[in-house]
Amino acid sequence: MLLAKTLTSSTFKLSLIAIGTFGMIVTAIFSYVYQSTSSYVRSQSDRAIITEYSSLQGVYEHKGRDGLVALIQQRIADKGFANTLVILVDTSSTYLGGNLKAWPPTVTLASGSTEFRALELLPNTTHHPLLRAMVETFPNGDRLLVGRDISDLDNFTDQIKIAVISGVALIFVLAAVVSILVTRRTVGRIESINATSRAIMLSDLNERIPLRGTNDEWDRVAENLNLMLDRIETLMGEIKQVSDNVAHDLRTPLTRMRGRLERAYHSQRVGEEDQSLIGDTIADLDSVLRMFSSLTRISQVETEARRVGFRTVDLVEIADEVVELYDAAAEQDGALLSVVGSREVLVSGDRDLIFDAIANLVDNAIKHGRAGGQVVVTAEYIDGGPVISIADNGPGIPVNQYANIFKRFYRLEHSRFTPGNGLGLSLVAAVAHLHGARIEVLDNSPGLKLRLWFQAHRRSSRLRPSRLAHPEGQDGPDTPDQDPK
Amino acid sequence: MTGGHRRILVVEDDPETAGQIVESLSISGYQVDLATSGHEALNRGVASDYAVITMDRLLPDIDGIGVMRQLREVGVAAPVLIISALGEVDDRVRGLRAGGDDYLVKPFSFVELLARVEALGRRSDTIVKETVLRVGDLAIDLVSRTASRCGKDIALFPREFQLLEYLVRNEGRVVSRAMLLQHVWDLHFDPSTNIIDVYVGRVRRKVDGQQAYPLIHTVRGIGYCLRAPS
């Protein structure tokens with residue numbers, strides 16, 4: 001099955017194409033080498049032949065047949081002449097002189113160059129060397145042949161032929177083996193990813209793609225897919241957690257309401273008692289509705305559609321307004337609430353949402369900080385980036401809880417019975433995400449410090465002053481002109 | 001008040017909600033007409049002079065905002081209270097920009113509805129031109145932004161003054177917490193805490209502390225009302 005997958009895989013097809021192309025290139029290179037080498041060898045021997053031939057011809061012209069025969073004899077005796085072959089015959093092809101035993105029968109042309117096999121014409125040889133020669137017929141019918149043994153070229157050609165054939169064959173075999181191995185490996189890795197995917201689809205998100213520890217691109221793909229699975233698992237977990245919490249937090253007030261109404265239904269109408277019962281029910285209903293609005297509000301913020309309404313806002317100004325709103329609450333708790341930051345700290349954002357986020361953080365800091373403690377809101381530029389921090393000097397939270405506090409409905413054990421629904425920081429996280437801001441949780445030792453690192457604001461957009469309250473409420477909040485549809 | 005200024009047009013297509021709104025407004029002494037569709041609302045709105053029109057945002061035929069626009073185009077100036085099941089702020093703001101004067105998100109309490117209608121209805125009365133407003137022995141100077149009781153100055157922060165001014169301008173009417181947030185702080189969401197109560201509490205201590213009688217009264221389950229003893 002794996003072999004079938006290997007042969008049909010796109011990797012294997014690609015390697016076949018690569019092998020074919022590579023083979024053709026190798027063949028072309030070998031033929032080029034062959035061509036250029038053989039033509040070089042031929043031109044070299046031609047040059048030597050021409051030199052020798054010219055000198056012999058000159059002697060023939062000046063000293064006649066006998067002079068040439070004498071010179072040929074003299075030359076043959078010379079050791080350095082061994083490579084050169086020469087023969088002079090008369091019109092009836094009778095041997096006159098030279099180191100070839102007879103005129104080669106295959107050479108019939110009157111003059112010019114030729115190549116032939118020397119048969120048994122050579123002295124002291126057993127093989128059939130390839131000879132290259134020039135032939136000339138003199139006016140009296142005598143024929144002169146001057147040649148050289150180019151068997152070396154012959155051998156070279158054979159070797160190149162063997163090299164080409166065996167080389168190409170070897171390359172094909174090797175490439176085929178390698179490509180099958182590579183393809184098998186690729187198919188194997190993909191198959192393990194596929195198997196994991198199928199397992200996930202069939203059962204649950206616990207499965208992970210195994211890593212080979214080779215730290216190659218396959219491991220990285222697997223790692224990323226595993227990270228994605230981790231994220232999905234976390235999100236699924238959160239959704240389940242949220243649904244469970246919604247179910248729980250809704251059931252509690254709904255059960256109370258149902259109980260009250262049932263009791264009222266079965267009992268006699270008593271004016272005073274009915275009123276307090278109905279009042280309590282409405283209060284419970286309101287808290288249910290508030291939870292719903294908080295949830296839908298977070299969802300809305302998370303859809304990011306609100307980025308359209310972003311304006312230039314001043315964090316210092318918003319912080320001032322929040323601190324002013326919560327001043328009375330802090331005073332009631334005996335806490336000291338203050339804001340630090342005099343010049344403007346500009347960000348691009350939604351004023352209401354940023355206000356809400358800061359208000360939530362300040363509210364938490366007052367509620368969960370030390371009674372009679374200090375809450376400081378600081379708006380400043382850190383490394384050129386706008387940052388707002390909210391710090392208290394209360395008991396703080398354990399470091400291992402830092403990541404949990406932004407989860408919906410998450411409540412620390414000791415705050416289980418203080419008012420709130422565990423959605424405040426989720427909203428803060430959603431608002432921060434919408435604004436591309438990073439949240440940092442810090443130990444204020446003692447206490448907790450939350451920092452929102454906003455993105456640096458582009459100065460190009462004109463600063464719009466934040467809206468002031470309308471005491472008469474006669475004007476709607478101003479918004480830029482936009483078509484509602 | 002003239003008869004026209006106690007007359008209200010309720011535009012609502014859901015029969016039960018419509019019945020409840022009409023009933024609660026009638027009990028408070030308003031003369032109420034009901035329109036259950038956009039076309040009916042247009043016809044009635046043009047035909048009679050209403051103090052306030054409450055307009056459901058989602059109507060079967062024409063969108064509530066569309067009805068309001070068309071009414072404005074033919075010169076109907078009655079303030080409109082948009083009642084919307086769409087919770088998004090942008091929608092509310094759009095509703096306001098299209099010419100309505102206030103909005104309310106479903107579900108709402110009838111006390112809240114009544115408070116909004118009262119506040120809107122007052123706006124179609126003559127606008128007060130005076131620079132000093134008085135309720136009992138309280139006087140607030142809109143120019144110098146100062147308040148005093150029996151001639152004795154009360155030290156208020158600017159926002160506290162704004163809050164007091166809003167209460168004074170709505171003297172005798174119930175003002176909800178959401179209305180305060182909207183008109184004093186320009187905030188269009190519910191902070192889900194008792195922050196407004198705490199804030200009003202502080203203003204109340206400054207205004208009513210050691211005085212002959214209290215002016216700021218808590219209205220259970222909804223908000224506040226500023227009034228002098230009759």
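1. Pairing first. Two strands pair if DSSP finds at least two bridges between them. Keep that rule in mind for chain B. There, Val175(B) has Tyr224(B) of strand β12(B) as its bridge partner. The strands concerned are β10, residues 174–176, and β12, residues 223–226, of chain B. They pair in the antiparallel sense, over three bridges.

2. Status of the model. This is a predicted model. The predictor gives the complex an ipTM of 0.72 and a pTM of 0.58. For chain B the mean pLDDT is 83. In that chain, 86% of the residues reach 70 or more. Where pLDDT is low, the predicted coordinates should not be read in detail.

3. The other neighbour of β12(B). Strand β11 of chain B covers residues 216–219. Four bridges join β11(B) to β12(B), and the two run antiparallel. One bridge partner to look for is Cys225(B) in β12(B), opposite His217(B). β11(B) and β12(B) form a hairpin with three residues between the strands. In this hairpin, Gly221(B) takes a positive phi near 80°.

4. The five-stranded sheet. Chain B also has an open sheet with parallel pairing. Which order do its five strands take? Read across, the order is β2-β1-β3-β4-β5. The edge strands are β2 (31–35) and β5 (102–105) of chain B, each pairing on one side only. From one strand to the next, the twist averages 20°.

5. One pair in that sheet. Strand β1 of chain B spans residues 7–11. β1(B) pairs with β2(B) in the parallel sense over five bridges. To find the register, start at Arg7(B): its bridge partner in β2(B) is Gln31(B).

6. A helix across the sheet. Helix α3 of chain B runs from residue 64 to 73. α3(B) lies across β1, β3 (52–56) and β4 (80–84) of chain B. The angle between α3(B) and β3(B) is about 150°.

7. Chain B as a whole. The chain has eight helices and twelve strands. Of its 230 residues, 43% are buried. Now take the contacts in chain B with a separation of 6 or more: 60% of them join residues 24 or more positions apart.

8. Two helices in chain A. How do α6 and α7 of chain A cross? The crossing is right-handed. Helix α6(A) is residues 315–332, and helix α7(A) is residues 351–368. Their axes come within 9 Å and cross at roughly 35°. On the α6(A) side, the contact includes Ile318(A), Val322(A), Leu325(A) and Tyr326(A). On the α7(A) side, it includes Ile354(A), Phe355(A), Ile358(A) and Val362(A). The residues of this contact divide into 13 nonpolar, no polar and three charged. Glu321(A), Arg351(A) and Asp363(A) are among the residues that meet here.

9. A covered helix. Helix α8 of chain A, residues 424–434, is mostly covered. How many of its eleven residues are buried? Ten are. Among them are Leu425(A), Leu427(A), Val428(A), Val431(A) and Leu434(A). Gly424(A) and Ser426(A) are also on the buried list.

10. What covers α8(A). The buried residues of α8(A) pack against two helices, α5 (271–302) and α7 of chain A. They also pack against strands β11 (438–443) and β12 (448–453) of chain A. α7(A) therefore appears in both chain A points, by its contact with α6(A) and by its packing with α8(A). After α8(A) comes Gly436(A), with a positive phi near 65°.

Notes: Residues are numbered from 1 along each chain as its sequence is written. Chains are lettered from A and ligands numbered from 1 in the order in which they are written. This is a predicted model: local features need pLDDT of at least 70, side-chain atom pairs count only at pLDDT 80 or more; totals for chains, interfaces and linings use all residues. Axes are lines fitted to C-alpha atoms, for helices over the stretch in contact, and angles run from 0 to 180 degrees between N-to-C directions. A crossing is left-handed if the near helix is turned anticlockwise from the far one by less than a right angle, and right-handed if clockwise. Two residues are in contact if their C-beta atoms, placed from the backbone, lie within 7 Å. Ala, Val, Leu, Ile, Met, Phe, Trp, Tyr, Cys and Pro count as nonpolar, Asp, Glu, Lys and Arg as charged, and the others, Gly among them, as polar. pLDDT is the predictor's confidence in each residue, from 0 to 100. A residue is buried if 20 or more other C-beta atoms lie within 10 Å of its own, exposed if 12 or fewer, and partly exposed in between; C-beta atoms are placed from the backbone.
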